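Please open the model in your viewer and keep the sequence panel beside it. The tour below suggests what to select at each stop and says what you will find there.

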Amino acid sequence: MTISMRNNEELLQGSTVFLRFLNLADVNDTYLSWLQDAEVMQGIATSGYTMENLRDYVSSRINNPSVAFFAICDRQSGTHIGNVKLDFYDEKARVSELGLLIGNKAYWGKGIGYEACKLALNYGFGAMGLRKIYLAVYGNNPNAKRLYEKLGFQLEGTLRKHVAVEGLYYDKYLMGIFKEELL
Ligand SMILES: CC(C)(COP(=O)(O)OP(=O)(O)OC[C@H]1O[C@@H](n2cnc3c(N)ncnc32)[C@H](O)[C@@H]1OP(=O)(O)O)[C@@H](O)C(=O)NCCC(=O)NCCS
């Protein structure tokens, strides 16, 4: 399976946002600032991003033909507000992992995470031919967990007190969804 269209065009249309493939021109101060914002990153638990390693990271993902890395863009202004990604494709099992980040906090709580995931999940189950999509979400990020439950993700396992964030330990929830479970 190869993700074929690698252009700048609007690819998947929602009512509030559209998705297009992310490209290296999207790696700018704004994107970097999302990854340096403790509030945005508290449920992700990775840190230490610089412009250089962010560029390397994005480059490695977008040059991998089995990764679908989308920019989430405001439909009205075209502004890039976050990313959603299907990564770690398992060719035999036809499974990928979903990652979601709305970096611009002014856009939180407006249903955009839900809409962007729905577009990405439909793309995964459609164009990519995936059988199952999974993710990990941490106990300190209940909003994200609720969002995934609302999409139809099922809890498949809990790694207890598995991640450390600012000196506290949180559970890591593993969730998964099959096409027919999509709500
Ligand atoms: C978590 C995140 C993706 C949520 O995106 P969002 O666009 O704000 O979420 P939505 O507005 O689509 O919310 C959808 C559902 O999620 C839940 N939810 C999201 N934010 C919530 C909040 N602040 N309080 C309560 N429930 C919330 C609700 O169930 C909501 O449904 P409802 O509006 O019908 O009540 C976003 O805050 C984010 O990108 N955070 C930083 C990165 C991150 O944590 N990513 C997830 C890693 S697993």
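**The ligand and its shell**

Select the residues around the ligand, and colour them by type: this shell divides into 11 nonpolar, 7 polar and 3 charged residues. Bear in mind throughout that the model is a predicted one. Of the 21 residues around the ligand, those that come nearest are Gly43, Gly113, Tyr114, Asn143 and Leu147. Two or more shell residues are given by each of β5 (95-102), α4 (112-125) and α5 (142-151), and α5 gives the most, with 5 residues.

**The sheet**

Next, hide the side chains and display the strands, which make up an open sheet of 8 strands with mixed pairing, in the order β1-β2-β3-β4-β5-β6-β8-β7. At the edges stand β1 (12-13) and β7 (154-165), each of which has a single partner strand, so one side of each is left without a neighbour in the sheet. Moving to β6 and β8, you will find that they run antiparallel and are joined by 7 bridges, with Val137 having Tyr173 in β8 as its bridge partner. Bring α5 back into view here, since this helix packs on the sheet, touching β6 and β8, and its direction makes about 160° with that of β6.

**Two hairpins**

Now select β3 and β4, which pair in the antiparallel sense over 6 bridges. These two strands form a hairpin with 5 residues between them, and Gly78 in the turn has a positive phi of about 80°. Continue into β5, which runs antiparallel to β4 and is joined to it by 7 bridges; this second hairpin has 4 residues between its strands, and Arg94 in its turn has a positive phi of about 55°. Val84 is a useful residue to centre on, for Phe70 stands opposite Val84 in β4, while in β5 the bridge partner of Val84 is Leu100.

**The nonpolar core**

Which residues touch the most other members of the largest nonpolar core? Of its 33 residues, they are Leu19, Phe70, Ile72, Val84, Ala116, Cys117 and Ala120. At least two residues of this core come from each of β2 (17-21), β3 (68-74), β4 (80-90), β5, α4, β6 (132-138) and β8 (168-178), and β3 gives the most, with 6 residues. As a last selection, take Ala120 and show its contacts: leaving aside residues up to four places away in sequence, Ala120 touches Leu19, Phe70, Val84, Leu86 and Leu98. In general, nonpolar side chains tend to be buried together in soluble globular proteins.

Conventions: Residues numbered from 1 in each chain as written. Predicted model: local features only at pLDDT ≥ 70, side-chain atom pairs only at ≥ 80, totals over all residues. Near = placed C-beta within 6 Å. Nonpolar A, V, L, I, M, F, W, Y, C, P; charged D, E, K, R; others polar. Core = buried A, V, L, I, M, F, W, Y, C linked by C-beta atoms within 7 Å. Buried ≥ 20, exposed ≤ 12 C-beta atoms within 10 Å, placed from the backbone. Contact = placed C-beta atoms within 7 Å. Pairing = 2+ DSSP bridges. Axes fitted to C-alpha atoms, helices over the stretch in contact; angles between N-to-C directions.
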